[in-house]
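Thank you all for making the time this morning. I would like to walk you through one part of a model, going from the sheet to the core and then to a pair of helices, so please have the view open in front of you.

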Amino acid sequence: MSVVTDAAGLDLGRFLRRGDRIVWGQACGEPQTLVEALIAQAEGIGNLSAFTATSFSSLLTPEAVKGFSLSSMGAIGTLRTLTAAGKLGIIPSHVSQIGPMIEQGIIPCDVAFVQLSLADEHGNHSFGLISDHVQAMVKKARVVIAEVNEQVPFTHGEKLPASRIDCAVQVSRMPVEVAAPRIGETDEAIARHAASYIGDGAVLQTGVGAVPDAILRLLRDRRDLGVHSGMLGDGLVELVEAGVVTNARKAIDTGVSINGALIGTRRLYQWAHRNPQIRMCSTSYTHDAAVLARLERLVTINSALEVDLTGQVNAEQSGNAYLGGTGGQVDFVRAGSRSPGGRSIIALSATAKGGSLSKIVPALSGPVTTARSDVDVIVTEFGAAELKGQTLAERARRLIAIAHPNFREELERAAHDIQKRGF
């Protein structure tokens with residue numbers, strides 16, 4: 001193993017070949033020092049391409065990626081600037097498919113960039129903030145280059161032995177942080193409707209953002225909540241410290257919150273450091289249908305850009321703008337809907353663009369992320385529409401009832417044919 005103690009001295013040309021395909025850890029697990037080196041040195045190596053699932057750093061600008069091509073599963077976080085500039089290739093994929101596609105070579109991975117914690121007494125590093133498909137990258141790559149960051153928490157879960165690292169770059173820098181967004185009145189109203197579906201002993205899957213944070217704030221009076229999620233933010237810490245999240249009633253992983261990505265701030269990272277109450281797992285466990293089928297009272301909460309009058313969900317594209325991604329939505333929508341005592345919630349505001357555009361629409365302006373046959377509950381600030389088991393005509397009626405009042409008459413006219421035909 002080559003060890004680089006001064007990141008400025010990292011020469012990627014020693015390890016990368018012309019035409020190599022690189023995959024690196026996403027979100028708050030982004031190895032910033034390695035990405036910076038790639039941006040600076042890519043043109044000199046030549047014909048490089050890379051894949052990352054999301055990014056919340058400010059590194060990946062249209063100018064920064066001129067030396068290599070970049071692809072992703074969506075335009076999440078700061079990757080939106082690249083889609084707007086035509087600099088990002090989109091691979092439509094469920095989160096659960098990324099790891100297998102890397103393993104099968106469908107998403108090529110010659111070189112893996114990973115961010116790790118310091119090693120433990122046995123010489124094993126923790127993946128720290130991101131587990132999802134990182135192990136798949138490492139297993140497939142010809143070369144593993146690790147950013148060993150002393151400020152990354154050592155989390156329980158998957159480990160990487162030092163012997164598997166080809167080059168270790170020692171750094172001390174704050175990992176990417178994603179601050180909690182401001183919660184507005186609309187977010188709070190959506191949260192009140194969504195929280196009504198979460199009872200004592202429920203197992204939660206949620207993302208990060210204003211609505212998920214607002215929902216978590218309303219759960220202080222619940223008992224023995226559990227967690228099995230693809231990502232978690234700072235709101236988890238508050239519920240654990242309040243004694244609300246105990247995982248005591250989970251049929252599997254009792255007493256432990258299962259998670260694939262920590263996306264938040266220093267507070268979350270410090271809480272997770274060597275904390276046995278949380279275990280970081282790959283998507284082969286967090287998103288696996290067989291694992292999720294063992295969870296009762298699973299309540300999944302996901303978001304959307306728009307929903308049509310039959311219940312089809314678009315969480316990716318609005319007109320010509322690609323704004324989101326497939327993500328883990330379908331994996332968890334199906335699991336929550338099928339879970340005994342569970343529910344699957346799609347939460348979104350009723351309008352966009354200052355109230356001038358309805359997000360309950362006659363027809364989607366982008367792709368179908370989640371099929372209407374999988375959808376359970378749609379929630380806006382105006383209420384909840386329970387769609388599972390309902391006819392198309394009844395679905396349209398219920399969705400119009402939770403649309404913004406300014407658009408209901410227009411939507412009723414659009415729904416006339418559905419009401420008349422029954423489909």
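Let me begin at Val 299, whose bridge partner in E20 is Arg 343, and please keep in mind throughout that what we are looking at is a predicted model. That pair belongs to the parallel pairing of strand E15, residues 298-303, with strand E20, residues 343-347, which extends over five bridges. Helix H11, residues 329-338, packs on the sheet and touches E15 and E20 as well as strand E11, and its direction makes about 145° with that of E15.

If we now step back to the whole sheet, we find six strands in the order E12-E11-E15-E20-E24-E25, forming an open sheet with mixed pairing. Its edges are strand E12, at 226-227, and strand E25, at 383-386, each of which pairs on one side only.

Going from E20 towards the E25 edge, E20 and E24 run parallel and are joined by three bridges, with Ile 345 standing opposite Val 377 in E24. E24 and E25, by contrast, run antiparallel and are joined by four bridges, Val 379 having Ala 384 as its bridge partner in E25, and the connection between these two strands is a hairpin through two residues. As a reminder, in a regular strand the side chains alternate between the two faces of the sheet. In E24, residues 377-380, Val 377 and Val 379 point one way while Ile 378 and Thr 380 point the other, and all of them are buried.

Which residues, then, have the most contacts inside the largest nonpolar core? They are Val 114, Ile 198, Leu 219 and Ile 345, in a core of 69 residues. Helix H6, residues 210-217, gives the most to this core, with five residues. Ile 345, if we leave aside its neighbours within four places in sequence, is in contact with residues including Val 299, Ile 301, Val 377 and Val 379, and also with Ala 194 and Tyr 197. Apart from this core lies another, of 30 residues, among them Ile 22, Leu 59, Cys 167 and Val 171.

Finally, the helix pair. Helix H5, residues 185-195, packs with H6 at an angle of about 55°, their axes being 8 Å apart, and the two helices are therefore oblique to each other. Their crossing is right-handed, and the residues that meet include Ile 190, Ala 191 and Ala 194 from H5, with Val 211, Ala 214 and Ile 215 from H6.

Note on methods. Residues are numbered from 1 along each chain as its sequence is written. This is a predicted model: local features need pLDDT of at least 70, side-chain atom pairs count only at pLDDT 80 or more; totals for chains, interfaces and linings use all residues. Side-chain values use heavy atoms; hydrogens and water are left out. Two strands pair if DSSP finds at least two bridges between them. Contact means heavy atoms within 4.5 Å. Axes are lines fitted to C-alpha atoms, for helices over the stretch in contact, and angles run from 0 to 180 degrees between N-to-C directions. A nonpolar core is a set of buried Ala, Val, Leu, Ile, Met, Phe, Trp, Tyr and Cys residues joined through side-chain atoms within 4.5 Å. Buried means under 20% relative accessible area, exposed over 50%, partly exposed in between (1.4 Å probe, protein chains only). Angles under 35 degrees count as roughly parallel, over 145 as roughly antiparallel, 65 to 115 as roughly perpendicular and the rest as oblique. A crossing is left-handed if the near helix is turned anticlockwise from the far one by less than a right angle, and right-handed if clockwise.
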